[in-house]
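Work through the exercises below with the sequence and the model side by side. Each task is followed by a solution that goes step by step.

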Amino acid sequence: MGLDLANYEAKARDAAMAFWGNRQKALEAKIEAGTTDTGERGAVTAGNTMDGFTALMIDLVQANGLGHAEIYQQRKVLTLPGFFRPTKLWDILVILDGKLIAAIEMKSHVGPSFGNNANNRAEEAIGTAHDFWTAYREGAFGADAARPFVGWLVMVEDADKSRRAAKRESSLHFPIFKEFKGASYLERYDILCKKLVLENLYTAACVLASPRSAVTTGAYEDMSDLTSLKSFVAAFAAHIAAEAARSQP
């Protein structure tokens with residue numbers, strides 16, 4: 001029996017529409033309430049923009065045999081112990097009979113600023129993974145815990161500024177790696193996600209490029225096969241299916 005990818009393409013289009021729609025609604029609500037946190041940050045701090053992708057992950061769990069697992073998505077129950085810090089807040093946790101099956105973090109990056117924020121996203125992703133796997137090594141999730149699925153997914157605005165070559169990076173003492181030379185911010189995210197997987201920091205990592213017009217179309221685009229949404233959901237579904245088979249008597 002093959003994996004069930006839960007009609008992910010149609011659901012991802014719905015998620016992209018919801019992403020942009022929720023951002024706009026959140027921003028309008030904050031402006032109407034008279035809060036000072038308006039502008040682009042107002043849409044970010046309101047949260048819930050990635051709910052459509054959360055729903056897709058839940059559908060994948062249920063479609064691949066672990067419908068009886070606990071799927072956590074509310075903030076108060078999304079923390080896991082860390083090694084370098086007490087806890088880390090995730091976006092989705094899947095737990096079965098006290099065993100951690102999966103932990104997923106979802107981020108977004110919308111302009112007009114891409115420079116420093118892209119570096120911050122990279123630092124967060126790398127640090128989170130190092131902290132998680134060190135805690136795992138030290139038995140934070142059980143002495144004999146099987147290796148869980150750890151995923152990182154980011155939605156990036158598809159715009160002129162994210163597509164054009166990023167500002168020239170200056171490294172006075174040693175040259176930067178050649179793959180970063182002339183790369184756009186979207187290409188940098190693609191490079192980041194590839195390396196996160198190749199270095200075993202995440203089981204799967206995905207970057208999606210979506211324009212603001214996707215609020216009505218649901219348009220999104222993958223940057224490469226390795227970092228595509230299909231690769232991400234296939235890896236996740238395979239892990240869930242394997243855990244489902246293992247849990248059968």
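**Exercise 1: the lining of a pocket**

Helix H4 (115-137) and helix H6 (185-198) each supply at least two residues of the lining of the second largest pocket. The model examined here is a predicted one.

Task: Determine how much space lies in the second largest pocket, which residues are closest to its centre, and which element gives the most to its lining.

Solution. Begin with the volume: the second largest pocket holds about 460 Å³ of space. Next, take the 17 residues that line this pocket, of which Asn119, Ala122, Phe180, Arg188 and Leu192 are the closest to its centre. Then assign the lining to elements, which shows that H6 gives the most, with 7 residues. Finally, sort the lining of the second largest pocket by chemical class, which yields 11 nonpolar, 1 polar and 5 charged residues.

**Exercise 2: the setting of helix H6**

Task: Establish what span H6 reaches from its first C-alpha to its last, and decide whether H6 is largely enclosed or largely open.

Solution. Start from the length: H6 has 14 residues and reaches 20 Å between its first and last C-alpha, close to the 20 Å expected at 1.5 Å a residue. Then apply the cut-off for burial, under 20% relative accessible area. By this criterion 10 of the 14 residues of H6 are buried, so the helix is largely enclosed by the rest of the structure. Among these buried residues are the charged Arg188 and Asp190, together with Tyr185, Tyr189 and Cys193.

**Exercise 3: two cysteines**

Task: Find how many disulfides the whole structure has, and work out where Cys193 stands with respect to the nearest cysteine sulfur.

Solution. A search of the whole structure finds 0 disulfides. Cys193 is in none, and the nearest cysteine sulfur, that of Cys206, is 6.9 Å away, whereas a disulfide would need the two sulfur atoms within 2.5 Å. Cys206 is likewise in no disulfide, the nearest cysteine sulfur being that of Cys193. As for accessibility, Cys193 is buried, with a relative accessible area of 0%, and Cys206 also counts as buried at 0%.

**Exercise 4: the order of a sheet**

Task: Give the strand order of the open sheet of 6 strands, and identify which strands are at its edges.

Solution. Reading across the sheet, the order is E1-E4-E5-E6-E7-E8, with mixed pairing. The edges are strand E1 (70-72) and strand E8 (221-222), each of which pairs on one side only. Within the sheet, strand E4 (residues 92-96) and strand E5 (residues 99-109) pair in the antiparallel sense over 5 bridges, and the bridge partner of Ile95 in E5 is Leu100.

Note on methods:
Residues numbered from 1 in each chain as written. Predicted model: local features only at pLDDT ≥ 70, side-chain atom pairs only at ≥ 80, totals over all residues. Heavy atoms only, no water. 1 Å grid on protein atoms, 1.4 Å probe; cavity = no way out; pocket = protein on both sides within 12 Å on 5 of 7 lines; lining within 4 Å. Points joined across faces, edges and corners; volume = space filled by probe spheres on them. Helix = DSSP H or I, 4+ residues; strand = E, 2+ residues; numbered from the N terminus. Buried < 20%, exposed > 50% of the residue type's maximum accessible area, 1.4 Å probe, protein only. Pairing = 2+ DSSP bridges. Expected span 1.5 Å × (residues − 1).
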